[in-house]
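Let's take a walk through this protein together. Keep the 3D view open and turn it as you read.

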Amino acid sequence: MTINLKKQVINIFKVIRKKDKELIASELAKELNIDYIVLMAAVNDLIGHNLGGFKEEEINQVSLNEEGIKYLKEGLPERKLITLMLTAGIKEILIKDLLEKSKLNTQIFYVGVSNMKKNRWIAQSKATGENKIFLTAEEFAETDLEQFLKRFEENPFIDYSTLKKDDLIQLDILNKRKLISKIRKTQRIIYLTKKGKTIKLSDLKELKQISKITPEMLSTGTWKNYDLKPFDVTKPGPLLKAGKIHPLINLINEIREIFLSMGFTEIRGPIIESAFYNFDALFQPQDHPAREMQDTFYLNNPKVAKLPNKDRVLAVKETHENGGDSKSLGWGYKWDEEIAKNTVMRTHTTATTIRRLAQFYENNDKPPVKVFCIDRVFRNEKVDKSHLAEFTQIEGIVIDENVTLCDLIGLLSEFYKKMGFKKIITRPGFFPYTEPSMEVAVYYDELGEWLEMGGSGIFRPEVTYPWGIKNPTRVLAWGQGLERIAMLYYGRKDIRDLYVNPIKWLRQQSY
Ligand code: PHE
């Protein structure tokens, strides 16, 4: 008659059988180097086939308490004192001097002295009127108590029932000296049944190991006839090639969170923009080189864009020609409305923040207004590992009364700190639409370098006055490219990777 058992259960069974006696479960588990629970589960399987069992026994154990452990390591106080006298060559000494030399706590010191006397290591005399002790022997061999104490070194828990009469005397001394604790425990004893002791080992068959249970096995109950392979939860699982959010979108969402946490609202604007909003409203003269075809994509279809209300177009026209009401001299040329109507692929998201200024005028909004825009822009650039013709900008503006460059620096510091850059510096820069203008650089720890992040500044009166935003209300603005940050963030050396989408890299991204 064969019995099917798990491989591990058979192995454990063989060990028990070979030992041919009752075994303490906790000791067997330690010997086999398996978990106690695993052993007891195996015993359970043995019980299921009437091969073995276990019984419980109450046991009394003793162990050293904290003070006892200390003496086990350092020696009993009497041993410390005698060693001190021997190494210092002291044959007789005033009690009070020894106390001082020993640096022991007074109570412990006297325990030591009294035990030295008990051990007949010293004698005490007050003959000279002073309390003195004398060595009475030359050798001070290990005492029975010390020998007994050492037994706890190998075995911190000693079974009371295993102690002999002489041991009990020593245990009693330790007990009186308050150096031990008593513990009551239930211990399990594993044994084999008659069947377990006599069954032929060849009758035991290993259950087939499987790593998967099918629905059929569950419904028919046959899963019980298999040994389930244990899982190693430390091993990596199979690669899941499921869809996930693109790293760039993840980063955008994180930046969005930062702006939102700082009280900003998101705005969006058209990708196909009028030259008016992209350049003219930003006080960029119509012959500005950035407007050239080499830098800007112009569209044939639609060829022209709608401009805002005539009076606003006029305000911008006058600002260019003579400064309008901004107290500027303007550029002093004849502004052409037809040029402003041209359609372009937005070259920066600043066009979108200008649209927010226009809206501010139209709605008669009140400051403060804090908005941001994370969106696509286009420039006629040659694409290489650090340039893209189509990329993303992150832009923010604050419209408020009496805001200054210090507020802008504060905002930028806060923003970049939240992005994980702790150190930022600003240096003078130039943009046709801000005055003063600043460039922002952040310290990138991993490279140990300052990296240029983007531009910022306070919009010039020539930009804000046409929209009724006048001193002391001012507009703080900043903008930068997203993909540069993404390169740092994801450690990519080629900016194109963000769009070419190397599949291996994308698969490594977390969910
Ligand atoms: N528009 C600028 C750029 O594209 C950045 C900028 C935004 C500068 C706002 C100043 C103020 O680089």
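Start with the pocket: the space that the ligand takes up is the largest pocket. Keep in mind that what you're looking at is a predicted model. So who lives around the ligand? It is surrounded by 13 residues, and the closest are T350, R379, Q393, E395 and Y433. If you sort that shell by class, you get four nonpolar, seven polar and two charged residues.

Which strands each supply at least two residues of the shell? Look for β16 (390-401), β19 (449-459) and β20 (473-481). β20 gives the most, with three residues.

Now zoom in on the atoms. R379 has a polar side-chain atom 2.9 Å from an oxygen atom of the ligand. On the side chain of Y433, an N or O atom sits 2.9 Å from a nitrogen atom of the ligand. H348 joins in too: an N or O atom of its side chain is 3.3 Å from a ligand nitrogen. How much of the ligand does the protein cover? On its own, the ligand has 330 Å² of accessible area, and the protein covers 90% of that.

Time to leave the ligand and visit some other spots. Find the loop between α17 (405-418) and β17 (424-428), and you'll meet F421. Is F421 buried or exposed? Its relative accessible area is 7%, and buried means under 20%, so F421 is buried. For a sense of distance, try P230: it is 191 residues from F421 along the chain, and the C-alpha atoms of the two are separated by 46 Å.

Next up is L171, which you can pick out in helix α9 (residues 165-176). L171 has a relative accessibility of just 5%, so it counts as buried as well. Its C-alpha atom is 24 Å from that of I24, with the two positions 147 residues apart along the chain.

Then hop to the loop between α13 (275-278) and α14 (310-322), where H288 is found. With 18% relative accessibility, H288 falls under the 20% cut-off, so it counts as buried. A polar atom of the H288 side chain lies 3.0 Å from the backbone nitrogen of A290.

Now for some backbone geometry. Most residues other than glycine have a negative phi, and most peptide bonds are trans. With that in mind, stay in the loop between α13 and α14, because P302 lies there too. The peptide bond from N301 to P302 is cis, with omega near 0°. Another cis peptide bond joins N471 and P472, this time with omega about 5°. You'll spot P472 in the loop between α18 (461-464) and β20, and β20 is the strand that gives the most to the ligand's shell.

Phi has its surprises as well. K178 isn't a glycine, yet its phi is positive, about 60°. Where is K178? Look in the loop between α9 and β8 (180-192). K178 has a relative accessible area of 63%, and exposed means over 50%, so K178 is exposed.

Finish at N364, in the loop between α16 (350-363) and β15 (369-378). N364 has a positive phi near 55°, and it isn't a glycine either. At 56% relative accessible area, N364 is over the 50% cut-off, so it is exposed.

Notes:
Residues numbered from 1 in each chain as written. Predicted model: local features only at pLDDT ≥ 70, side-chain atom pairs only at ≥ 80, totals over all residues. Heavy atoms only, no water. Near = heavy atom within 4 Å. Polar contact = N/O pair within 3.5 Å; in protein donor to acceptor, adjacent residues only side chain to side chain. Areas by Shrake-Rupley, 256 points an atom, 1.4 Å probe, with all protein chains shown as cover. 1 Å grid on protein atoms, 1.4 Å probe; cavity = no way out; pocket = protein on both sides within 12 Å on 5 of 7 lines; lining within 4 Å. Sits in = over half its atoms within 2 Å of the grid points. Helix = DSSP H or I, 4+ residues; strand = E, 2+ residues; numbered from the N terminus. Nonpolar A, V, L, I, M, F, W, Y, C, P; charged D, E, K, R; others polar. Buried < 20%, exposed > 50% of the residue type's maximum accessible area, 1.4 Å probe, protein only.
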